[in-house]
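Visitor: I am new to this structure. Could you walk me through it with short answers?

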Amino acid sequence: MELEPQFNWSRYLDLADYEQTFPAATVDQSEMDWLTQLRSKDMNFTRSEKGVLYGAVVTWQNPVDKSDRRSICFYVTKEKLITIGLSESIVTLVAPYSPAHPFAAFYTILALQLNTYFAGIDQFETELFSRQDELRGSINEDSLDSIFALRDTIENWSDLIVPFQELVMAGEESFLDEDTYLEDLSLKLATKRVRRLLMLIEHYQKDIEVLLDLSTTVSNFRGNEIMKALTIFTAVATPTMALGAIWGMNFKIMPELEWKYGYALSLGLIFLSTGGIFYWMRWRGWLGALVRMPKNSRPKK
């Protein structure tokens with residue numbers, strides 16, 4: 001189905017394509033400002049004026065290298081709509097909605113673009129739940145790296161969706177005097193999808209923070225247990241080291257060296273003092289098992 005709009009909709013592949021047909025002598029100042037900012041490579045901005053909405057919104061960005069991204073540039077008035085970099089597949093999907101004016105067409109585009117993000121959010125949800133199952137009962141030194149990777153991914157989603165939320169609010173601001181625009185189904189659809197996506201992102205961010213807190217807490221406990229074990233070992237081994245240091249001296253006169261049962265007595269004293277310290281610490285409740293995470297109790301198939 002081909003779109004035959006009832007208004008002036010100019011579509012361009014890229015900025016160079018738009019500049020080739022740009023009639024500098026006849027355009028409004030706002031359109032000149034729009035072109036100036038597009039030339040400055042600012043690919044994520046929104047400007048709202050009375051009866052005019054223009055800017056650029058990033059529709060995809062590489063989580064690893066955020067300079068690698070794609071965007072849609074737009075200029076919306078009551079009479080015309082200009083888009084740069086809009087996929088023809090999105091244009092085709094706009095047709096069934098039969099937008100009656102530029103505002104409706106633009107927010108239909110936004111709603112359709114937002115709809116494509118739910119599949120990615122669902123994929124992230126699957127990855128998050130899988131990671132939660134893996135981390136349950138088996139948090140190790142690699143856990144923080146995997147949790148940070150999840151957090152980077154959800155933050156990338158948040159960076160994509162928040163500009164759409166701004167666009168919804170900016171559209172209401174620019175065309176505040178157009179009651180029919182503010183009641184348009186395309187604006188309502190875009191608004192609801194933004195809210196739903198932000199709700200999901202907020203929920204998953206909380207899940208990730210819980211995982212991060214759990215991993216950090218377990219790591220701190222394990223570190224404390226290691227220090228505790230080393231402290232206990234040092235305390236228990238102190239008699240052996242002290243008595244060994246005394247009897248390892250090289251003085252000429254050391255009566256113990258002449259004792260018939262000196263060796264047995266020294267071993268007995270070492271074992272007795274070591275055992276005494278060990279049981280005293282146990283009586284005080286200073287000995288304990290290392291922290292263990294609960295085992296993953298999955299039902300057997």
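What follows is a set of questions and answers about cores, rings and contacts.

Guide: This is a predicted model, where local features need pLDDT of at least 70, side-chain atom pairs count only at pLDDT 80 or more, and totals for chains, interfaces and linings use all residues. Residues are numbered from 1 along each chain as its sequence is written, and side-chain values use heavy atoms, with hydrogens and water left out.

Visitor: Which helix gives the most residues to the largest nonpolar core?
Guide: A nonpolar core is a set of buried Ala, Val, Leu, Ile, Met, Phe, Trp, Tyr and Cys residues joined through side-chain atoms within 4.5 Å. Buried means under 20% relative accessible area, exposed over 50%, and partly exposed in between (1.4 Å probe, protein chains only). The largest core has 51 residues, and Trp-9, Leu-53 and Leu-81 are among those with the most contacts inside it. Strand 3, strand 4 and helix 3 are among the elements that each supply at least two residues, but the top giver, with eleven residues, is helix 8.

Visitor: How many residues does the second, separate core have?
Guide: Val-27, Phe-45, Val-52 and Ala-56 are included in this second core. Its residue count is 15.

Visitor: Which residues of helix 2 are buried?
Guide: Helices (H or I, at least four residues) and strands (E, at least two) are DSSP runs, numbered from the N terminus. The cover over the buried residues of helix 2 includes helix 1, strand 2, strand 3, strand 4 and strand 5. Those buried residues are Ser-30, Glu-31, Trp-34, Leu-35, Gln-37 and Leu-38.

Visitor: Why do they count as being on the same side of helix 2?
Guide: The arc is that of the directions from the helix axis to the C-beta atoms. The buried residues lie on the same side of helix 2 because they cover an arc of only 165 degrees.

Visitor: What kind of aromatic pair do Trp-34 and Tyr-75 form?
Guide: Rings of Phe, Tyr and Trp (its six-membered ring) pair if their centres lie within 6.5 Å; planes under 30 degrees apart count as stacked, over 60 as edge-to-face and the rest as tilted. The whole structure holds 14 aromatic pairs. For Trp-34 and Tyr-75, the centres are 5.6 Å apart and the planes 35 degrees, so the pair is tilted.

Visitor: How many residues apart in sequence are the parts that this pair ties together?
Guide: Trp-34 is buried at 0% relative accessibility, and Tyr-75 is buried at 0% as well. Trp-34 belongs to helix 2 and Tyr-75 to strand 4, so the pair ties together parts whose separation in residues is 41.

Visitor: Which ring does the charged end of Arg-196 sit over?
Guide: A charge sits over a ring if NZ of Lys or CZ of Arg is within 6 Å of the ring centre and within 35 degrees of the ring normal. The charged end of Arg-11 sits over the ring of Trp-9, 4.8 Å from its centre. For Arg-196, the distance is 3.8 Å and the ring is that of Phe-118.

Visitor: Is Thr-59 buried or exposed?
Guide: Thr-59 lies in strand 3. Contact means heavy atoms within 4.5 Å, and the contacts of Thr-59 beyond four places in sequence include Arg-70, Tyr-117 and Phe-164. At 11% relative accessibility, Thr-59 is buried.

Visitor: What is the relative accessible area of Ile-277?
Guide: Ile-277 is in helix 9. Beyond four places in sequence, Ile-277 is in contact with Ala-235, Val-236 and Pro-239. Ile-277 is partly exposed, with a relative accessible area of 26%.
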